[in-house]
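The exercises below ask the reader to work through a single protein chain, moving from its overall make-up to individual residues. Each task is followed by a solution set out in steps.

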Amino acid sequence: MNIVELEKKFGTEEQCRQYISSIRWKDGYRCPLCQSSEAWVTSEYKYKCQKCGHKLSVTSGTIFQDTHIPLPDWFKAIWYASAQENKLTVAFLQKELNLKSNRTALSMINKLDRIMIRPILHRLHGNIEIITTDIRVKNQYLHFAIAVEVNNNRIGRIRIKQINRDNQSDIVEFVNSCTGSNSNLIHRFSFLTDIHFEKEHTHIIKSPQYTFRKIQKVRDQFEHWLIDHYVEGKMTRCINHFCATVNCPKSKADFYELLEHAVNLKPISSKK
């Protein structure tokens, strides 16, 4: 679908709301309070239950909740996110959507990161280097687990998570969550064995001379990136943003898949 087809299909608020409704209530609308299926749509674009009178916006409980940005612009931003080879920038989004403020564009980018992170963070495959490391963040050192695909001597997709220092269960959970079956895990964790995984893996514990050059490069890039982008109390968002920047060019996300993620993601406060 090109931009002309997009604007034809999702060029109005009503078209966008109807599509969101089709995702939320595949079998038809049901009131969350009384479960009645009988409702009408008000002039405020809200479903009003005929039985109990409860009103519910089609965007309530989605990532679009309380947005002041027209839904066609949101759909267009998500389309750009799926179509662009590189990660969207604030400047690009502000220009293409004719936004008055770069703060508005930045807010949209942060929400798009949340939408994109699910397909971007599909499990890693192939040869995967895994380390834990301390990284200086502001005036403290935090502990992270990092996993990097290394195929044909090139850095592929990455995963990063802040974990508790020397916590074996955190490491096992991280590796299980981000690696696919039949992958070659390159690590130095003596406790990590086949018994920790439900899926099949080939574990390769390299000698002390193994340099982990690719993953060390990612680690250093992440540390330098945090200098300019870290916001106090928002480490998860920062990690997601960095991973999205690295993984976007290597991960194809379907427009309709992203729309479904946007509808199913719960809204969060901008303060979190």
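**Exercise 1. The chain as a whole**

Determine how many helices and strands the chain has, and describe its extent, burial and charge.

*Solution.* The model is a predicted one, and the count of secondary structure gives nine helices and eight strands in the chain. Taken along its principal axes, the C-alpha trace spans about 70 × 40 × 40 Å. Turning to burial, 45% of the 272 residues are buried, while the chain exposes about 15,100 Å², of which carbon and sulfur atoms supply 46%. For the contacts, one considers pairs of residues at least 6 apart in sequence, and among these 56% join residues at least 24 apart. Finally, the side chains comprise 40 positive and 28 negative ones, and the centres of these two sets lie 3 Å apart.

**Exercise 2. The nonpolar cores**

Identify the residues with the most contacts inside the largest nonpolar core, and state which element gives the most to this core.

*Solution.* The largest nonpolar core has 39 residues, and those with the most contacts inside it are Phe-64, Ile-78, Leu-93 and Leu-112. Two or more residues come from each of α2 (13-24), β2 (46-49), α3 (71-83), α5 (102-120) and α9 (255-264), and α3 gives the most, with eight residues. The surroundings of Ile-78 can then be listed: leaving aside residues up to four places away in sequence, Ile-78 touches Phe-64, Leu-112, Ile-115, Phe-255, Leu-258, Leu-259 and Ala-262. A second core, separate from the one just described, has 24 residues and includes Leu-226, Tyr-230, Ile-239 and Val-246. As a general background to this exercise, nonpolar side chains in soluble globular proteins tend to be buried together.

**Exercise 3. Leu-258**

Decide whether Leu-258 counts as buried or exposed, and relate Leu-258 to Phe-75 in sequence and in space.

*Solution.* Leu-258 is found in helix α9. Its relative accessibility is 0%, and because the limit for a buried residue is under 20%, Leu-258 counts as buried. In sequence Leu-258 and Phe-75 are 183 residues apart, yet in space their C-alpha atoms are 9.7 Å apart.

**Exercise 4. Helix α6 and the loop that follows**

List the buried residues of α6 and what covers them, then locate Ser-183 and its side-chain contact.

*Solution.* Helix α6 covers residues 168-178, and within it Asp-170, Ile-171, Val-172, Phe-174, Val-175, Asn-176 and Cys-178 are buried. The cover over these buried residues includes the strands β4 (127-137), β5 (140-151), β6 (154-162) and β7 (184-187). Ser-183 lies in the loop between α6 and β7, where it is buried, with a relative accessible area of 0%. The side chain of Ser-183 reaches the backbone oxygen of Gly-180 at 3.0 Å.

**Exercise 5. Two positive phi values**

For Asp-66 and Asn-98, give phi, the loop in which each lies, and the degree of exposure.

*Solution.* Asp-66 has phi near 60°, a positive value in a residue other than glycine, and its place is in the loop between β3 (55-57) and α3. Since a residue counts as exposed over 50%, Asp-66, at 65% relative accessibility, is exposed. Asn-98, likewise a residue other than glycine with a positive phi, has a value near 55° and lies in the loop between α4 (90-96) and α5. With a relative accessibility of 66%, Asn-98 also counts as exposed.

How values were computed:
Residues numbered from 1 in each chain as written. Predicted model: local features only at pLDDT ≥ 70, side-chain atom pairs only at ≥ 80, totals over all residues. Heavy atoms only, no water. Helix = DSSP H or I, 4+ residues; strand = E, 2+ residues; numbered from the N terminus. Buried < 20%, exposed > 50% of the residue type's maximum accessible area, 1.4 Å probe, protein only. Contact = heavy atoms within 4.5 Å. Areas by Shrake-Rupley, 256 points an atom, 1.4 Å probe, with all protein chains shown as cover. Lys, Arg positive; Asp, Glu negative; His and termini not counted. Charge placed at Lys NZ, Arg CZ, Asp CG, Glu CD. Core = buried A, V, L, I, M, F, W, Y, C linked by side-chain atoms within 4.5 Å. Polar contact = N/O pair within 3.5 Å; in protein donor to acceptor, adjacent residues only side chain to side chain.
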